[in-house]
Amino acid sequence: MNTRIAIIGAGIMGADHGDIISKELPGAKLQVVCDAFEERATALAKACGDADVSTDPYSVIARKDVDAVIVASPDHTHAELVMACIEHNKPVLCEKPLAPTAAESLKIIKAEVACTKQMVQIGFMRRFDQSYREMKSVLDNNVIGQPLMMHNFHRNVETPAADFTADMAITNSAPHEFDVARFILGSEYKFISSFSPKGGNDKVGPVFMVLETQAGQLVNIEINNNASYGYDVRGELIGEKGAVSLNSPTYTTLDLKLSKSTQYAQDWRARYREAYRRQNNDFLHFVQTGEFSKIASNSWDGYCANVTAEAGVKALATSERVAIEYAQMPALYK
Ligand SMILES: NC(=O)c1ccc[n+]([C@@H]2O[C@H](COP(=O)([O-])OP(=O)(O)OC[C@H]3O[C@@H](n4cnc5c(N)ncnc54)[C@H](O)[C@@H]3O)[C@@H](O)[C@H]2O)c1
């Protein structure tokens, strides 16, 4: 029998998850689409086949004919919905962040630990992206020697909202970088410093962070949500013997009028489509077998991203180098 999945939140991310489940995930069935706005849920359910429609996420989570849940509603709804999934013994793939604060993530961790099994996968999909996978493989196979530094650049055309702040760049955009750099290096962070240079207009400027890991490596992260020219993610890992950089897939090059050019995407969706598919495939495997993905982020990783973001916000406000201190990791996540 197919694994019956409910999606909560039928916006941009919910639509992509629905598309993947209905077209690219053999063994999975989109059972229910839930959104606060019924017409959005109905439109997505129709686009993806014949799923039921709901506006009440808690009754959806409780349904006997729902085996697993994908949470793709806004950030502030995640913690309560994930808690409800844990209560109803439903494995959940939660879009980042797990919760708005580290303290709330710890409550989820406590509930999950009480179940004595992992229930929660976090949507840090970059871990599944082929370019990051190859970077990690180069490092793990000792091709470039010991890692020394990792440079990360995350640029969007413009901020998602007019009232977007530098703090939100740290708590909302940077967690992808916090998670993937920590995953590739296999080391926890120790300190963070944050800076935000000002331009001539009133737009929120870039945020530039320098993290020091417990193993002594340096990680710098630029989050530039008003880069104007396109969606652009870059990364380079420097080892003692060499370096490895991410390539963004581009499918064509235009030669015209004495110049050669490629195009940038408007946003992240095309860049990471295959990563989302692989992530959801690992989630399905987890639901069907109980075996948690070796690659995916779990609740502990979600908590670590919160702790790092909170220290990053403090570093920006105080212009100080702020220590990153984690709670004791429960054995469930080792
Ligand atoms: N992994 C990634 O790369 C990535 C990229 C973008 C967004 N996200 C995350 O995905 C989540 C959704 O982002 P989005 O861009 O799709 O947002 P969106 O605003 O396009 O969609 C959210 C949807 O949730 C619905 N909703 C709100 N409250 C709800 C509730 N209580 N129950 C059910 N539905 C509810 C809204 O009506 C809306 O349709 C956010 O948490 C965001 O941070 C992740």
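Let me begin with a single residue, P160, which sits in the loop between β7 (147–155) and α7 (166–173). Before going further I should say that what we have in front of us is a predicted model, and everything I describe is to be taken in that light. Is P160 buried or exposed? It counts as exposed, because it has 12 C-beta neighbours inside 10 Å, and a residue is called exposed at 12 or fewer. P160 also has a distant partner in sequence, N226, since the two are 66 residues apart along the chain, while their C-alpha atoms are 9.5 Å apart in space.

Let me now move to the start of the chain, where strand β1 (residues 3–8) and strand β2 run parallel and are joined by 6 bridges. One of the pairings to look for is that of I8, whose bridge partner in β2 is C34. Strand β2 itself covers residues 28–34 and is mostly hidden, with 6 of its 7 residues buried. Between these two strands comes helix α1 (residues 12–24), and together β1, α1 and β2 make a right-handed β-α-β unit. From β2 the chain then crosses through helix α2 (residues 38–47) to β3, and this β-α-β crossover is right-handed as well. Strand β3 (residues 52–54) runs parallel to β2, to which 3 bridges join it, and within that pair V32 stands opposite D52 of β3.

I would like to stay with α2 for a moment and ask which residues of this helix are buried. They are A41, L44 and A45, and because they cover an arc of only 100° around the axis, they lie on the same side of α2. On the other side of the helix, E39 and K46 are exposed. The cover over the buried residues of α2 includes α1, β2 and β3, and after the helix comes G49, whose phi is positive, near 120°.

A comparable description can be given for helix α4 (residues 78–87), in which H78, A79, L81, V82 and C85 are buried. These residues cover an arc of only 165° around the axis, which puts them on the same side of α4. What do the buried residues of α4 pack against? Their neighbours are β1, α3 (57–62), β4 (68–71), β5 (92–94), α5 (102–115) and β6 (120–122). The residue N89 follows α4 and has a positive phi, near 60°.

Let me turn next to the ligand, which is surrounded by 23 residues, the closest being G9, G11, I12, M13 and E95. By character, the residues of this shell divide into 12 nonpolar, 6 polar and 5 charged. The largest share of the shell, 3 residues, comes from α1, the helix that we met in the unit with β1 and β2.

Finally, there is an open sheet of 7 strands, in the order β12-β11-β7-β10-β9-β8-β16, with mixed pairing. At its edges stand β12 (243–245) and β16 (322–323), and because each has a single partner strand, one side of each is left without a neighbour in the sheet. Inside this order, strand β8 (residues 189–195) and strand β9 (residues 207–213) pair in the antiparallel sense over 6 bridges, and Y189 stands opposite T213 of β9. The sheet also holds β7, and that strand brings us back to P160, in the loop between β7 and α7.

Technical notes:
Residues numbered from 1 in each chain as written. Predicted model: local features only at pLDDT ≥ 70, side-chain atom pairs only at ≥ 80, totals over all residues. Buried ≥ 20, exposed ≤ 12 C-beta atoms within 10 Å, placed from the backbone. Helix = DSSP H or I, 4+ residues; strand = E, 2+ residues; numbered from the N terminus. Pairing = 2+ DSSP bridges. Right-handed = clockwise from strand over helix to strand, strands pointing away. Arc of directions from axis to C-beta. Contact = placed C-beta atoms within 7 Å. Near = placed C-beta within 6 Å. Nonpolar A, V, L, I, M, F, W, Y, C, P; charged D, E, K, R; others polar.
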